[in-house]
Amino acid sequence: MLILTIRTDKPEAEIGLFENSERLAYEQWQAHRALAETIHTKIEDLLKNQGKDWQAIEGIVCFEGPGSFTGLRIGLSVGNALAYSLNVPIIAERGESWLAQGITQLEDGKSDKLVLPHYGSPPHITYSN
């Protein structure tokens with residue numbers, strides 16, 4: 001199973017390709033405020049460098065947080081959109097072993113269907129009158 005992994009909770013974003021639990025490719029870059037502009041290109045390049053295309057993705061694992069409000073929203077939105085459009089399972093995990101736990105869940109046939117961010121605390125929202 002070809003698995004795409006996405007972690008966007010901090011300024012340094014991470015994506016990876018795994019064949020089951022075997023890492024094929026992994027990239028980290030200083031995405032910071034350019035995450036929305038760079039993540040699709042980075043994923044496409046990662047796939048091309050492995051001789052794969054978008055349709056080769058068979059599952060997605062995302063880091064769900066806690067972390068950057070905007071970073072998590074972007075990463076999880078990309079993960080959800082890809083999972084939906086490719087009709088593949090998606091899993092979100094947190095903690096130090098998020099990657100291994102997510103891959104194990106995909107291999108066990110599980111899917112969250114839709115992943116949501118975990119911010120670690122309520123968002124700070126300013127209300128206006």
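# Briefing on strands, helix 2 and cores

Tyr26 counts as partly exposed, because its relative accessibility is 24%, which is not under the 20% required for a buried residue. This value, like those that follow, comes from a predicted model. The points below treat strand 1 and its partners, the hairpins, the aromatic rings, helix 2, the nonpolar cores and two loops.

**Strand 1 and its partners**

- Strand 1 covers residues 2–7, and 6 of its 6 residues are buried.
- Leu2, Leu4 and Ile6 point one way from strand 1, while Ile3, Thr5 and Arg7 point the other way.
- Both sets of strand 1 side chains are buried, Thr5 and Arg7 included.
- Strand 2 (residues 12–19) runs antiparallel to strand 1 and is joined to strand 1 by 6 bridges.
- Within that pairing, Leu2 has Glu19 of strand 2 as its bridge partner.
- Strand 4 (residues 59–63) pairs with strand 1 in the parallel sense, over 4 bridges.
- In strand 4, Ile60 stands opposite Leu4.
- Arg7 also takes part in a contact between a charge and a ring: its charged end sits over the ring of Phe63, 3.8 Å from the ring centre.

**Hairpins**

- Strand 1 and strand 2 form a hairpin, with 4 residues between the two strands.
- Strand 2 and strand 3 form a hairpin with 2 residues between them.
- Asn20, in the turn between strand 2 and strand 3, has a positive phi of about 55 degrees.
- The antiparallel pairing of strand 2 with strand 3 rests on 8 bridges.
- Phe18 has Arg23 as its bridge partner in strand 3.

**Aromatic rings**

- The model contains 3 aromatic pairs, and the rings of Phe18 and Tyr26 form an edge-to-face pair.
- The ring centres of Phe18 and Tyr26 are 6.3 Å apart.
- The planes of the Phe18 and Tyr26 rings meet at 80 degrees; the pair is therefore edge-to-face, since the angle is over 60 degrees.
- Phe18 has a relative accessibility of 6% and so counts as buried, whereas its ring partner Tyr26 is partly exposed at 24%.

**Helix 2**

- Helix 2 (residues 69–86) has 18 residues and reaches 26 Å from its first C-alpha to its last.
- That span is close to the 26 Å expected at 1.5 Å a residue.
- Buried residues of helix 2 include Gly71, Leu72, Gly75, Leu76 and Val78, and also Gly79, Asn80, Leu82 and Ala83.
- The elements against which the buried residues of helix 2 pack are strand 1, helix 1 (35–49), strand 4 and strand 5 (90–93).
- Ala81 has its place in helix 2, but counts as partly exposed because its relative accessibility is 45%.
- Ala81 and Leu114 lie 33 residues apart in sequence, with 9.3 Å between their C-alpha atoms.
- Just after helix 2, Asn87 takes a positive phi of about 55 degrees.

**Nonpolar cores**

- The largest nonpolar core has 25 residues, of which Leu4, Ile6, Trp29, Ile39, Ile43 and Ile60 touch the most other members.
- At least two residues of this core come from each of strand 1, strand 2, strand 3 (22–30), helix 1, strand 4, helix 2 and strand 5.
- Helix 1 gives the most to this core, with 5 residues.
- Apart from this core lies another, of 10 residues, among them Ile3, Val61, Trp98 and Ile103.
- Beyond its neighbours within four places in sequence, Ile43 is in contact with Leu4, Ile6, Ile15, Trp54, Val78 and Leu82.

**Loops on either side of helix 1**

- Trp54 lies in the loop between helix 1 and strand 4 and is partly exposed, because its relative accessible area is 22% and thus not under the 20% limit for buried residues.
- Not counting residues up to four places away in sequence, Trp54 touches His40, Ile43, Glu44, Leu47, Leu82 and Leu86.
- The C-alpha atoms of Trp54 and Glu44 are separated by 7.3 Å, the two residues being 10 apart along the chain.
- Arg33 is found in the loop between strand 3 and helix 1.
- Arg33 has a relative accessible area of 77% and is therefore exposed, a class that begins over 50%.
- Between the C-alpha atoms of Arg33 and Lys52, which are 19 residues apart along the chain, the separation is 28 Å.

Note on methods:
Residues numbered from 1 in each chain as written. Predicted model: local features only at pLDDT ≥ 70, side-chain atom pairs only at ≥ 80, totals over all residues. Heavy atoms only, no water. Buried < 20%, exposed > 50% of the residue type's maximum accessible area, 1.4 Å probe, protein only. Pairing = 2+ DSSP bridges. Expected span 1.5 Å × (residues − 1). Contact = heavy atoms within 4.5 Å. Core = buried A, V, L, I, M, F, W, Y, C linked by side-chain atoms within 4.5 Å. Phe/Tyr/Trp six-rings, centres within 6.5 Å; stacked < 30°, edge-to-face > 60°. Lys NZ or Arg CZ within 6 Å of the ring centre and 35° of its normal.
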